[in-house]
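I am opening a notebook on a structure that is new to me. I will go from the overall build to the core, and then to the surface.

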Amino acid sequence: MSIASIPDRLRDELSRGHEGETIGQRLINRELNDLKNIAFWKGAVGEFVGCLLLVVFAVGMGLKKDGTEGPPLLQVAIGAGFLLAVLITALSTVSGGHVNPAISLGFLITGQISLVKCLVYILFQSAGAIAGAGLLKTTVPDSYVGTLGVIAPGDGVSSMEALGAEIIITFLLLFATLAMLDPGRSDMQGSVPLMVGLIVTVNALFAAQISGGCMNPIRSLGPAVIQENFENAWIYWVGPMIGAIVGSLCYDLLFATQPIGLRRLCKSPEVPDSEKAYPKKLEKKSDKPLPKHLEKNYHKNDKYNHKSEKIYQKSGNDEQVGDLLLKRYRHIDPRENESRI
């Protein structure tokens, strides 16, 4: 499972609901269900660990000994991209591998996570970043600490120019991430975490000399708290958050192949075709083939459909047939543990 599977799982939460349930009730129920779910808290801890590791390695690979030149920009940018790809892959089944408040905000804006999950994730991400910066400072020699990677605008760059750069690169990060996670696309191949890492590398190469190429508020927060240097901290929260909101809404409202987020939230709950009511019973037994509304997913080589056809011909009861098809097409596939006929 990768980060690409997360929207498929979470988007369905908005499209399902009890009949007559209002949008507000659905939202409240989703928030409460998250708080009661042990997997939710496990994901929050995963975000803490992920952001701790992110700050330790991302900041650490850019440190230099006093009086020496730091590593080249290309080295740091490529390293940051690979690091992020590794963390997303490692945490995708635990928390979704956000490790970035801007990503969490983008998923909230597009309705893929609840408000309470977004807020708790950002809290744990921030705590992990501060812990990571503290761990790094106690690990490396004093001669390598320097500013501990506190991000600041480049020489001659104003605060507003740095802010604009952060908005642009975070816009690209969210826009491209949502594009790769779009469930309506059939052309996506390869590793999504690796592609997200490449986006981070490109953004860092573009904005490193302008704003520092942060695009992740906790990357700035951890070192700033440990070094007690908050002079430019606001840039690296406001910029990425604005970029995340605009990038997410832009892709969702203008380019998404399927309604996600706000558009889907406002729609009435849809009943999947496989769960539509089947006729209760035919008046008499029938030996005719399976009706068309039951054979849309019919495959000649599928033994469960063979069984469905036999039951239908024997009893004429396609409610039983529907139950069998649901086992096959609601992700409860008995074939995983049985050999094919």
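**Overall build**

I counted the secondary structure first and got 14 helices and zero strands. Read from the N terminus, the elements run α-α-α-α-α-α-α-α-α-α-α-α-α-α. I note here that this is a predicted model.

I then looked up burial for the whole protein. Of its 341 residues, 45% count as buried. The protein exposes about 17,700 Å², and carbon and sulfur atoms supply 61% of that area. For contacts with a separation of 6 or more, I found that residues 24 or more positions apart account for 78%.

**Core**

Which residues have the most contacts inside the largest nonpolar core? I looked them up and found Leu173 and Val196, in a core of 43 residues. The elements that give two or more residues to this core are α3 (38-60), α4, α5 (101-109), α6 (115-139), α8 (159-181), α9 and α11 (235-255). Among these, α8 gives the most, with eight residues.

I followed Leu173 further. Leaving out residues up to four places away in sequence, Leu173 touches Asn100, Ile103, Val196, Ile199, Val200, Asn203 and Met215. Val196 is thus on the contact list of Leu173, and both names come up as the residues with the most contacts in the core.

There is also a second, separate core, made of seven residues. I noted Ile151, Leu163, Ile235 and Tyr236 as being among them.

**Cysteines**

How many disulfides does the structure hold? I found zero. I checked two cysteines for burial. Cys118 counts as buried because its relative accessibility is 2%, and the cut-off for buried is under 20%. Cys214, at 5% relative accessibility, counts as buried as well.

**Surface**

Next I looked for nonpolar side chains on the outside. Leu73, Leu74, Ile78, Phe82, Leu194, Leu198 and Leu205 form a nonpolar patch on the surface. Together these residues have about 600 Å² of accessible area.

Which helices each supply at least two residues of the patch? They are α4 (73-91) and α9 (192-207). The largest share, four residues, comes from α4. I note that α4 and α9 are also on the list of elements that give two or more residues to the largest core.

I took Leu194 as one example from the patch. Leu194 lies in helix α9. Is Leu194 buried, partly exposed or exposed? Its relative accessibility is 38%, so Leu194 counts as partly exposed; that class lies between the 20% and 50% cut-offs.

Terms used. Residues are numbered from 1 along each chain as its sequence is written. This is a predicted model: local features need pLDDT of at least 70, side-chain atom pairs count only at pLDDT 80 or more; totals for chains, interfaces and linings use all residues. Side-chain values use heavy atoms; hydrogens and water are left out. Patches are made of residues with over 30% relative accessible area and no salt bridge: like charges are joined within 9 Å, nonpolar side chains (Val, Leu, Ile, Met, Phe, Trp, Tyr) within 5 Å. Accessible areas come from the Shrake-Rupley method with a 1.4 Å probe; for residues, only the protein chains shown count as cover. A salt bridge is a side-chain nitrogen of Lys or Arg within 4 Å of a carboxyl oxygen of Asp or Glu. Buried means under 20% relative accessible area, exposed over 50%, partly exposed in between (1.4 Å probe, protein chains only). A nonpolar core is a set of buried Ala, Val, Leu, Ile, Met, Phe, Trp, Tyr and Cys residues joined through side-chain atoms within 4.5 Å. Contact means heavy atoms within 4.5 Å. A disulfide is a pair of cysteine sulfur atoms within 2.5 Å.
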